[in-house]
Amino acid sequence: MEDVFSHFDLVLKAFWLTVQLAFLSGVAALVLGTALAAMRVGPIAVLRWVAATYVTLVRNTPLLVMCVFVFFAAPNVGLLTGTPFLIKGTIAVSLYTAPFVAESLRSGVNAVPLGQAEAARAIGMTFGQNMRHVVLPQAFRASVPPLASTLIAMTKNTSVVAVFGLAEATFRMRYFVNRNADDTMLIFVIFAIGYIVLVELISLGAVGLERRWKAAR
Amino acid sequence: MRLNRLKVAAAAVLVASTLAACGDAGNDDDKGIEVDVKTDAASQFDEGTRMRELADDGNIKIGVKYDQPGIGFKGATDDAPAGFDPEMGKVLAASLGIAPEDITWVETISANRESFLQKGEVDLVIASYSITDERKQVVGQAGPYYVTGQQLLVKSDSKIASLDDVKGTEVCSVTGSTSLDNIEKAGATPRGFDTYSECVDQVLNGSVDAMTTDGAILLGYAAEHPDELKVVVDPFSEERYGVGYSLDHPEMCQWIEDTIKAAQDDGDWAKAFEVTLGKSGVDTPEPPAMDPCA
């Protein structure tokens, strides 16, 4: 216990890495997921097919397997060897999370009444304009709760990289547990609280967004 | 190597460990040293000792590592584990009149060595088993039969030559090991992985600058890739490998130490080293002096 508090800088550093990982992965996953969702609802058959295949393949693969690909398989064939571990972690987590983002958004897109898109097309908007100005703003609004869930799951999923060389929160938890075998419960609790705080920030952000966008409706 | 239970449990569960490359240890070209199996060994031990029982049975169960090349390694198609630890096991068994093929090898991992000894699942543990005061509370440990220490495994063309050079570099080891903590204190960025083979892969493909753990384990990996890898830096910790036995049979300590001392004196110890850890090109060290049995 004293060990944890006398080395609290290590705990904070570990959670800071978790925050960095979650933030970078979240941004990357939102961008990639939005692109995938647009491809899936778009008019081009090839892109629809590519996006659907990606979603099927990646969503049905455990994150651990994705990490094995990024951290072991890719470097063994000469890819990503010079890439910093933080970026490798971001790649693995965001590639894995993107299909969940895409599907959350797609449910939002489907919630936008068809007449809206038809009306936009009728006044001559291209598919891109249609998505940007009419469909996606409404779709995001409807997708906030599932997107928040996806991002929360993603934040907790970053713990998987603890066994792939990144000294983030879960890695540090195991470090302390190893050194203080008689205090395991308390150490688990401390780190669990850390995760809860991080995740609660996302929840609060989502609630805020919902409230704001509700007023605009 | 002190690994926590959580780590081992995670290691067992993680797919990663099964996907990690296993290397090509367990060569068929040499089967280790020829041991001189004693005939009529049972009569040399007093009635009622564990050695007498084992000699009468003609069978002994020895726990070794199956995943540490050079120390104790058993490939999927190998009949018996190979390495310095199994060689020591053969020497000990031979003194009881038990031929190598009559030894029952049992895989022990870091986390189950004490319990296997206490429950009698194995008679001896020879599994890169560092002698520590904590362990001596629950099991007997005779030796050391080999002394190693934490070192670094780097690529042959690496610039790392001393412990000071690791500052600012990325060094991997097994998550939860004391080696990883030590290298972090030396100023390196620790990269924890679940198994040693994953960590070696990271060195080989250039993702990290070095790997650190007991020199003996590193030598085994260097022996697998003699052209690509080398072991550097003088040992900066001391790990004294001992033979584990059950505290129910304290008389085993003297027998273990006498037998290994004899092997050190007649050159079997050195030969065992040459055909296992010595394959990395390192010189055979002086055999360590053993602690007196209590």
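## Cores, rings and charges in a two-chain model

Start with Leu124(B): leaving aside residues up to four places away in sequence, Leu124(B) touches Ile60(B), Lys61(B), Ile62(B), Gly63(B), Leu92(B), Leu117(B), Val243(B), Gly244(B), Tyr245(B), Met252(B), Trp255(B) and Ile256(B). Keep in mind that this is a predicted model.

That list of neighbours fits with where Leu124(B) sits. The largest nonpolar core has 81 residues, and Leu124(B) is among those that touch the most other members, along with Phe71(A), Tyr146(B), Met211(B) and Ile256(B). Which element gives the most to this core? That would be helix H4 of chain A (residues 63–76), with eight residues. Apart from this core lies another one, of 15 residues, including Phe171(A), Ala186(B), Ala188(B) and Val232(B).

**Rings**

Now for the aromatics. Over all chains, a search of the whole structure turns up 19 aromatic pairs. Take Phe85(A) and Phe193(B): the ring centres are 6.4 Å apart and the planes sit at 65°, so this pair is edge-to-face. The pair crosses between chains, running from helix H5 of chain A (residues 85–111), where Phe85(A) is found, to strand E9 of chain B (residues 189–193), which holds Phe193(B). Both partners are tucked away: Phe85(A) is buried at a relative accessible area of 1%, and Phe193(B) is buried at 0%.

Phe84(B) and Phe273(B) make another edge-to-face pair, with 5.9 Å centre to centre and 80° between the planes. Here the link is between distant parts of one chain: Phe84(B) belongs to helix H4 of chain B (residues 84–95) and Phe273(B) to helix H11 of chain B (residues 268–275), 189 residues apart. Phe84(B) is buried, with 1% relative accessibility, and Phe273(B) is buried with 1% relative accessibility too. These two rings also belong to one aromatic cluster, which is made up of Phe84(B), Tyr145(B), Tyr146(B), Tyr241(B), Trp269(B) and Phe273(B). Tyr146(B) has already come up, as one of the residues that touch the most other members of the largest core.

Some rings have a charge for company. Back at Phe85(A), the charged end of Lys88(A) sits over the ring, 4.6 Å from its centre. Also in chain A, Arg172(A) lies over the face of Tyr175(A), 4.7 Å from the ring centre.

**Salt bridges**

Side chains of opposite charge can pair when their charged atoms come close. A search of the whole structure finds 15 salt bridges over all chains. Here are a few of them, with the distance between the closest N and O atoms.

| Basic residue | Acidic residue | Closest N to O |
|---|---|---|
| Arg40(A) | Glu103(A) | 2.9 Å |
| Arg50(B) | Asp123(B) | 2.6 Å |
| Arg191(B) | Glu170(B) | 2.8 Å |

What parts of the chain does the pair of Arg40(A) and Glu103(A) link? Arg40(A) is in helix H2 of chain A (residues 8–41) and Glu103(A) in helix H5 of chain A, 63 residues apart. Arg40(A) is partly exposed, with a relative accessible area of 23%, whereas Glu103(A) is buried at 16%. The two are also part of a network of salt bridges that links Arg40(A), Arg59(A), Glu103(A) and Arg106(A).

In chain B, Arg50(B) sits in helix H3 (residues 50–57), and its partner Asp123(B) is 73 residues away, in the loop between helix H5 (113–118) and strand E5 (124–125). Arg50(B) is buried, with a relative accessible area of 16%. Asp123(B) is buried as well, at 8%.

The third pair in the table joins two strands of chain B: Glu170(B) lies in strand E8 (residues 170–174) and Arg191(B) in strand E9, 21 residues apart. Why does Glu170(B) count as buried? Its relative accessibility is 19%, and buried means under 20%. Arg191(B) counts as buried at 9%.

**Where the chains meet**

How many residues of each chain are in contact with the other? For chain B the number is 29, and for chain A it is 22. Between them the chains bury about 2200 Å², with 57% of it on carbon and sulfur atoms. Across this interface the rule finds two salt bridges. Asp194(B) and Arg174(A) meet in a salt bridge between the chains, 3.8 Å from N to O. The aromatic pair of Phe85(A) and Phe193(B) crosses between the chains as well.

Conventions
Residues are numbered from 1 along each chain as its sequence is written. Chains are lettered from A and ligands numbered from 1 in the order in which they are written. This is a predicted model: local features need pLDDT of at least 70, side-chain atom pairs count only at pLDDT 80 or more; totals for chains, interfaces and linings use all residues. Side-chain values use heavy atoms; hydrogens and water are left out. Rings of Phe, Tyr and Trp (its six-membered ring) pair if their centres lie within 6.5 Å; planes under 30 degrees apart count as stacked, over 60 as edge-to-face and the rest as tilted. Helices (H or I, at least four residues) and strands (E, at least two) are DSSP runs, numbered from the N terminus. Buried means under 20% relative accessible area, exposed over 50%, partly exposed in between (1.4 Å probe, protein chains only). A charge sits over a ring if NZ of Lys or CZ of Arg is within 6 Å of the ring centre and within 35 degrees of the ring normal. A nonpolar core is a set of buried Ala, Val, Leu, Ile, Met, Phe, Trp, Tyr and Cys residues joined through side-chain atoms within 4.5 Å. Contact means heavy atoms within 4.5 Å. A salt bridge is a side-chain nitrogen of Lys or Arg within 4 Å of a carboxyl oxygen of Asp or Glu. Buried area is the accessible area (1.4 Å probe) that two parts lose on being put together, summed over both.
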